[in-house]
Amino acid sequence: MRADEHGQAIGTGSRTALEHYDNAIHELLHFRPEVDAEAKQALEADPDFPLGNVLSAYLQLLSTEPDNARAAAERFRHFRSRVDGSGLLPRERAHVAAVDRLLAGDFPGCGRLLGKISEEYPRDVLALFVGHQIDYFTGDARALRDRVGGALTAWSETDRHFGQLLGMYAFGLEEAGHYDRSEEVGLRAVELDPKDVWGIHAVVHTYEMQGRFRRGTAYLDERLTDWSTGTFFNVHAWWHYALYALEAGDTARALEIYDAVLHGPESTGTAMELLDAAALLWRLLLEGDDQNARWNALADAWASKAREPFYAFNDMHAVMAFVGAGRFGDADRLIADREAYLAAPLPDVTNQAMTARVGLPVCRALVAFGRGDHTTAVDLLAPVRHHVNEFGGSHAQRDAVQKTLLEAALRSGHLDLARVLVSERISVRPSSPFNWLKHADVAEALGDAATATTARSHAAKLRQP
């Protein structure tokens, strides 16, 4: 029996396995691809290492890729067949149970079990990290904040991974709307570890949600070497940079980032990268900027990823790509497949509820929007706009849905709704040029030329260096 680097008992007699496991956790917290090699070497040193097998399963399941989930299920089944569960340590048994729930597609069930682990073992950073990701996948802002916040007092700043814990907490604070506190905690996290890409990402989200696009761009520039390469997360961070460029009115810079990073020559083709690419191009499409060649290439990449239901949030981005490319047949087939998926109830499969409550209405609305049926898009999106978080993602990512509703309301003549939506946006993010430009569009549609002129002038001032 040995102990991990946080002093917790761990079920392996192999020092080598433990060293690789600790290394894997460190790499995981930094979103570095080296985590895969370290996790693999831990199991090579001890194939029956319980937490090594648990970690390997989590890594594959958190990718949101069906093929990876199937591989994880097969490997974990072999592990379970070889190891007597009654002989595991209590913390290990709890993790095995959490993996079983995740393999079954039960995201909240997995999250609850991980929460129980964190109550008893608040220094189990794997339980905190995976639980944090589950909260993100389910769009649970309160849990994103409180899961990590509830463990903080068991840690100190001298702990090796305290900085990464603060980075997670900062993201939870941001998603829960505590922007000042999020910025403070996120900056402290990055001060403790400049390579904490999740902490950098939390700060960037905070600036995005406040419309502080100039500060966000400057912050990313200041720390370019810390976040821009070498992690699973650098593509998403570049996506945030591109969002700032769009807010500043620099479409050329956003497309430069798209071609170089989001869907460029070194793209991995993972769903996580493809959805960032679709989300950026969709924002351009909403403004009437068609990128047909880019859309077609992206739709080709999504075609194999969208063949089966697994995560409704990914489905939305696949449909964006199909609609953007004008491939409505592909979009219709995806929707028909998901409708068939709902025909046989799967009570424990979170994605089925996500698909029914949010995923399908949003996908149908995107297709309607693409076909010019903006009234139907409004009818589909307005009822879900206050619970669109239920299919996961962040506020910044889900803003594509809110922007689609706003644009559809404008184009369909639902001007009272459009006015409300714009008023909500300006009240929360008065520094956003986009919001003021949309205010101008609404005012113009309502025949208020003076307000439209004033709003456009204000947007121009906000974009001045």
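# Notebook: pockets, core and turns

**Second largest pocket.** I began with the second largest pocket and listed its lining, which has 19 residues; R385, H395, D399, Q402 and E424 lie nearest the centre. Two elements, α22 (395-412) and α23 (415-428), give two or more residues to this lining. I note that the model is a predicted one. I looked up the volume next: the second largest pocket holds about 560 Å³ of space. Then I sorted its lining by class and got six nonpolar, seven polar and six charged residues.

**Whole chain.** I stepped back to the protein chain, which has 25 helices and two strands. Along the principal axes, its C-alpha atoms fill a box of roughly 75 × 50 × 40 Å. How does the radius of gyration compare with that of a compact globule? For 465 residues a compact globule would have a value near 23 Å, and the chain has 23 Å, so the two agree. I also checked burial: 57% of the 465 residues are buried. Last, I looked at contacts between residues at least 6 apart in sequence, and 64% of them join residues at least 24 apart.

**Nonpolar core.** I turned to the largest nonpolar core, which has 154 residues. Which of them touch the most other members? My list reads W282, L298 and W302. Helix α16 (residues 271-286) gives the most to this core, namely twelve residues. I followed W302 further and set aside its neighbours within four places in sequence. Its contacts are then A271, L274, L275, A278, N314, H317, A318, A321 and F322.

**Cavities.** I noted that a rolling probe the size of a water molecule shows where empty space is left. The search of the whole structure found four cavities of 30 Å³ or more. The largest cavity has a volume of about 90 Å³. Its lining has 13 residues, and T64, P66, K305, F310 and N314 lie nearest the centre. N314 is also on my contact list for W302. I looked for the elements behind this lining: α17 (292-305) and α18 (312-324) each supply at least two residues. By class, the lining of the largest cavity has six nonpolar, two polar and five charged residues.

**Positive phi.** T64 came up again when I looked at backbone angles. T64 is not a glycine, yet its phi is positive, about 60 degrees. I found T64 in the loop between α3 (50-61) and α4 (66-82). Is T64 buried or exposed? T64 is buried, because its relative accessible area is 6%, and buried means under 20%. F31 is another entry of this kind: F31 is not a glycine, and its phi is about 55 degrees. F31 sits in the loop between α1 (15-29) and α2 (34-45). With a relative accessible area of 9%, F31 is buried too.

**V235.** I closed with V235, a residue of helix α14 (residues 234-247). Its relative accessibility is 6%, so V235 counts as buried. What does V235 contact, leaving aside its neighbours within four places in sequence? I wrote down V261, L262, E273 and D276. I also took the distance to P383, which is 148 residues apart from V235 along the chain. The C-alpha atoms of V235 and P383 are separated by 32 Å.

Key: Residues numbered from 1 in each chain as written. Predicted model: local features only at pLDDT ≥ 70, side-chain atom pairs only at ≥ 80, totals over all residues. Heavy atoms only, no water. Core = buried A, V, L, I, M, F, W, Y, C linked by side-chain atoms within 4.5 Å. Buried < 20%, exposed > 50% of the residue type's maximum accessible area, 1.4 Å probe, protein only. Helix = DSSP H or I, 4+ residues; strand = E, 2+ residues; numbered from the N terminus. Contact = heavy atoms within 4.5 Å. 1 Å grid on protein atoms, 1.4 Å probe; cavity = no way out; pocket = protein on both sides within 12 Å on 5 of 7 lines; lining within 4 Å. Points joined across faces, edges and corners; volume = space filled by probe spheres on them. Nonpolar A, V, L, I, M, F, W, Y, C, P; charged D, E, K, R; others polar. Rg over C-alpha atoms; globule rule 2.2 N^0.38 Å.
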